[in-house]
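Here is a walk through the empty spaces and the sulfur links of one protein model. Have the structure open as you read.

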Amino acid sequence: MASECNMAGFYMELGCTPLPNADNSTTCPDAFSCPDLHPDPSMCYYRGAPYKDRSMIPQNAIKNSCSLACICSVSDKPRFDCAAVDCVETFDTDLQQQCINTYELDSCCSTGTVCGKDAVAALKTCEVDGQTYREGELFEPKNSRKSCICTAQWNGSLDDPSYCQDINCGIEIHYQDKLYQNCAPIFLSSSSVCPIAFTCPTNSSKVIRGLNLRTVSSVCVFGNATLSVGDEVIVDEKCTRCTCNVPPFVSCTKKNSCNE
């Protein structure tokens, strides 16, 4: 479901459960039921566990490998502060031209390199979505919400946990304060896996009432405002459209160009 239905992966990462459709007209849920993500506003929460101010999430509990040393900080609103991760492959462009970076499934940065024309040519390959990947390279199959490693055992199946795993966006870690404020996730497209940002209510935010053609009874919450399915929100971010489509979160799509 996470790969086929808009917002499903987002909600499942937050521990929400799909609500059955009233008329069973579609395979995707009309709405989700989410747990109280902040029962106590003086605490941070990750995967249902509370963290006091200045306490750290155990690294083995974090499902996002690029989130390191994450500490709860509670001032005006709860948030997590994590260590910055700078992968060497991001900066060493000369190395990229001569070598390929290799990864392990749970690694944030590359864990090795293979250099030299003959050595690279000797590696096994994986053909995925019209692209060729070498053994040890990381890729994300289209419409899968999975991250995979090309291995010698690759057989095209995305269900083998030895080389494919669900993508975890670290939403609760990186957007703890935005969730607390009932802000709306922004995606680059309706098929995007992870939000690129959140937009929060401001004095200029404006709700435009629409038509609830699917007659969904669940509602979205944006800040202190309640919206029905089909309603839109005018927000400050340019080229961004926000709607109540799959409650309880308003979701936004940002266009690459305002002319689109």
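What follows covers the pockets, the cavity and then the disulfides.

Keep in mind throughout that this is a predicted model.

**Pockets**

Let's start with the open spaces. The largest pocket holds about 610 Å³ of space. If you want to find its centre, look for Asn6, Ser189, Ser190, Ser191 and Ser192, which are the closest to it among the 29 lining residues. Three elements give two or more residues each to that lining: helix 1 (8-13), strand 20 (240-243) and strand 21 (251-254). As for chemistry, the lining of the largest pocket splits into 13 polar, 10 nonpolar and six charged residues.

The second largest pocket comes in at about 510 Å³. Its lining has 17 residues, and Ser65, Leu105, Ser147, Gln165 and Asn168 are the ones nearest the centre. Here the classes come to six nonpolar, six polar and five charged residues.

**The cavity**

Now for closed space. The structure has one cavity of 30 Å³ or more, and about 40 Å³ of space lies in the largest cavity. Which residues line the largest cavity? They are Glu13, Tyr46, Arg47, Asn168, Gly170, Ile171 and Glu172. By class, that makes three charged, two polar and two nonpolar residues. Asn168 may ring a bell: besides lining the largest cavity, Asn168 is one of the residues nearest the centre of the second largest pocket.

**Disulfides**

On to the sulfur chemistry. The model has 13 disulfides by count. Three of them are set out here, with their sulfur-to-sulfur distances.

| Disulfide | S to S distance |
|---|---|
| cysteine 70 and cysteine 82 | 2.1 Å |
| cysteine 99 and cysteine 115 | 1.9 Å |
| cysteine 148 and cysteine 164 | 2.0 Å |

Take the disulfide between cysteine 70 and cysteine 82 to begin with. Cysteine 70 sits in strand 5 (residues 68-74) and cysteine 82 in strand 6 (residues 78-83), so the link spans parts of the chain 12 residues apart. Why is this disulfide right-handed? Because the torsion about the S-S bond of cysteine 70 and cysteine 82 is about 115°. The two ends sit in different surroundings as far as accessibility goes: cysteine 70 has a relative accessible area of 0% and is buried, whereas cysteine 82, at 28%, counts as partly exposed.

Next comes the disulfide of cysteine 99 and cysteine 115. The S-S torsion there is 105°, and the link is right-handed. Cysteine 99 belongs to strand 7 (residues 99-102) and cysteine 115 to strand 8 (residues 112-115), so the pair ties together parts that are 16 residues apart in sequence. Is each end buried or partly exposed? Cysteine 99 is buried because its relative accessible area is 9%, under the 20% cut-off. Cysteine 115 counts as partly exposed, with 40% relative accessibility.

Last in the table is the disulfide that joins cysteine 148 to cysteine 164. With 105° about the S-S bond, this link is right-handed. The pair connects distant parts of the chain, with cysteine 148 in strand 12 (residues 146-149) and cysteine 164 in strand 13 (residues 164-166), 16 residues apart. Cysteine 148 is buried at a relative accessible area of 0%, and cysteine 164, at 4%, counts as buried too.

How values were computed: Residues numbered from 1 in each chain as written. Predicted model: local features only at pLDDT ≥ 70, side-chain atom pairs only at ≥ 80, totals over all residues. Heavy atoms only, no water. 1 Å grid on protein atoms, 1.4 Å probe; cavity = no way out; pocket = protein on both sides within 12 Å on 5 of 7 lines; lining within 4 Å. Points joined across faces, edges and corners; volume = space filled by probe spheres on them. Helix = DSSP H or I, 4+ residues; strand = E, 2+ residues; numbered from the N terminus. Nonpolar A, V, L, I, M, F, W, Y, C, P; charged D, E, K, R; others polar. Disulfide = S-S within 2.5 Å. Buried < 20%, exposed > 50% of the residue type's maximum accessible area, 1.4 Å probe, protein only.
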